[in-house]
Amino acid sequence: MSDSPVKIAINGAAGRMGRQLLAAVAERPDTIVSAAVDAPGQPSIGVDTSVLSGGEATGVVVSDSLQDILSSAASDFDTIIDFSAPKVTLALLDTLKGSGKRVVIGTTGFNPAELDSLYNAAEQMPVVFAANYSIGVTVALSLLRQAAMALGDDYDVEISEAHHHHKVDAPSGTALAMGHAVADALNRDLDQCAVYAREGITGARDPKSIGFATVRAGDIIGEHTVLYAGNGERLEITHKATDRMTFARGAVRAAHWLSTQADGLYDMTHVLGIANLESAK
Ligand code: NAD
């Protein structure tokens with residue numbers, strides 16, 4: 001690979017995460033913002049990306065059309081980082097089919113059919129997809145698997161999460177990823193054992209269930225706790241994000257890493273080089 005910086009496009013550039021991503025790309029010497037996209041009609045269309053990220057002028061203006069960017073030599077990119085919404089992400093993957101581009105996806109809230117479309121698209125291009133790009137959560141997922149294997153079925157597992165009041169999907173993609181990690185380690189199918197809501201006369205807890213609880217309030221960036229409750233003791237594994245830059249830096253690290261990878265679907269364990277440890281269990 002040459003030493004020139006990896007050229008990165010941001011989809012959803014005007015969003016809460018998009019602005020942080022622009023700043024995170026700018027702070028690394030080995031990455032550069034070369035294109036930015038947001039929805040048609042957004043006030044930021046046509047403005048320099050520095051208006052969104054607060055940095056120095058980049059000369060890159062926010063476009064409302066990925067297609068226009070693809071057909072313009074002036075705004076070429078290697079990898080696009082997408083933190084938007086499920087339907088927007090799937091349209092982006094469709095547009096990029098056969099283009100030779102790479103994609104880092106941070107969007108959450110995909111339904112099972114949408115996830116299938118995403119996985120199909122990733123067979124034809126290099127894609128990193130993670131519900132949470134923080135290093136701490138990636139490590140937490142590994143700890144959760146370890147704890148579940150050691151504690152086994154004698155401990156009830158409950159997952160709680162809290163996010164800001166703008167968040168549109170629940171439970172969070174991270175809570176679901178944590179649920180899958182624990183369920184896999186316990187040889188359970190999360191689709192069969194998850195309990196997403198409780199109200200009224202629910203009956204006693206099914207010992208093999210995994211319960212979820214959701215808080216939406218204020219400006220909470222993202223907090224997750226997995227509780228293993230046994231007889232006479234409780235273990236809690238908690239992660240708290242205090243700054244969105246932690247996700248943005250992780251996603252930009254993923255984009256830089258992806259620039260040398262072949263077609264296929266990757267996650268943060270691949271980016272951090274711990275995927276073999278995970279699959280060696
Ligand atoms: P947001 O609503 O602030 O930003 C979304 C942006 O996408 C907006 O600017 C919106 O205008 C833009 N958008 C909508 N339609 C578009 C289109 N057709 N083309 C281009 N852009 C379009 O939301 P957010 O808080 O930034 O979160 C975005 C997503 O990222 C959510 O799914 C959220 O759950 C997820 N997220 C993931 C992580 C992670 O680490 N994986 C961390 C934080 C948030």
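In which strand is His224 found? His224 belongs to strand β10, which spans residues 222-229. The model under discussion is a predicted one, and the paragraphs below lead from this strand to the ligand, then to the loops, the salt bridges and the surface.

His224 has a relative accessibility of 1% and therefore counts as buried, the limit for that class being under 20%. The side chain of His224 does not stand without a partner: a polar contact of 2.8 Å joins it to the side chain of Ser172. A little earlier in the chain, Ala170 and Pro171 are linked by a cis peptide bond, with omega at about -10 degrees. Pro171 is placed in the loop that runs between β7 (156-163) and α7 (173-185). The cis bond deserves attention because most peptide bonds are trans.

The ligand comes next. There are 22 residues around the ligand, and those that come nearest are Arg16, Met17, Asp38, Thr108 and Tyr133. Sorted by class, this shell holds nine nonpolar, nine polar and four charged residues. Several polar approaches to ligand oxygen atoms can be followed in the structure. At Gly15, a backbone N or O atom lies 3.1 Å from an oxygen atom of the ligand. At Met17, a polar backbone atom is 2.9 Å from a ligand oxygen. At Lys167, an N or O atom of the side chain is 2.9 Å from an oxygen atom of the ligand. The ligand taken alone would expose 860 Å², of which the protein buries 78%.

Lys167 also has a partner within the protein. The side chains of Lys167 and Asp169 meet in a salt bridge, with an N to O distance of 3.0 Å. Asp169 counts as buried, because its relative accessibility is 14% and the class requires under 20%. Elsewhere, Asp156, Glu158, Arg198 and Arg205 are joined into one network by salt bridges that share partners. In total, the count comes to 13 salt bridges.

Two further salt bridges meet at Asp153. Arg188 forms one of them, the closest N and O atoms of Arg188 and Asp153 being 2.7 Å apart. This pair links distant parts of the chain, since Arg188 sits in the loop between α7 and α8 and Asp153 in the loop between α6 and β7, 35 residues apart. The other bridge runs from Asp153 to Lys208, with the closest N and O atoms 3.6 Å apart. Lys208 lies in the loop between β8 (194-195) and β9 (210-216), whereas Asp153 lies in the loop between α6 and β7, so this pair ties together parts that are 55 residues apart in sequence. The accessibility of the three partners can also be stated. Arg188 is buried, with a relative accessible area of 10%. Asp153, at 38%, counts as partly exposed, and Lys208, at 45%, likewise counts as partly exposed.

The loop between α7 and α8 (190-193) also contains Asn187. Is Asn187 buried or exposed? Asn187 counts as exposed, because its relative accessibility is 74% and the class requires over 50%. The backbone of Asn187 has a positive phi of about 55 degrees, although the residue is not a glycine. Most residues other than glycine have a negative phi.

Another loop, between α9 (245-258) and β12 (264-266), holds Ser259. At 16% relative accessibility, Ser259 counts as buried. The side chain of Ser259 reaches back to the backbone oxygen of His256, at a distance of 2.6 Å.

The account ends at the surface. Which residues make a nonpolar surface patch of about 220 Å²? The patch is made by Ile135, Val139 and Leu143. Leu143 is found in helix α6, which covers residues 135-151. Leu143 has a relative accessible area of 40% and is therefore partly exposed, a class that lies between the 20% limit for buried residues and the 50% limit for exposed ones.

Methods:
Residues numbered from 1 in each chain as written. Predicted model: local features only at pLDDT ≥ 70, side-chain atom pairs only at ≥ 80, totals over all residues. Heavy atoms only, no water. Patch = residues over 30% accessible without salt bridge, like charges linked within 9 Å, V, L, I, M, F, W, Y side chains within 5 Å. Areas by Shrake-Rupley, 256 points an atom, 1.4 Å probe, with all protein chains shown as cover. Salt bridge = Lys/Arg side-chain N within 4 Å of Asp/Glu carboxyl O. Helix = DSSP H or I, 4+ residues; strand = E, 2+ residues; numbered from the N terminus. Buried < 20%, exposed > 50% of the residue type's maximum accessible area, 1.4 Å probe, protein only. Near = heavy atom within 4 Å. Polar contact = N/O pair within 3.5 Å; in protein donor to acceptor, adjacent residues only side chain to side chain. Nonpolar A, V, L, I, M, F, W, Y, C, P; charged D, E, K, R; others polar.
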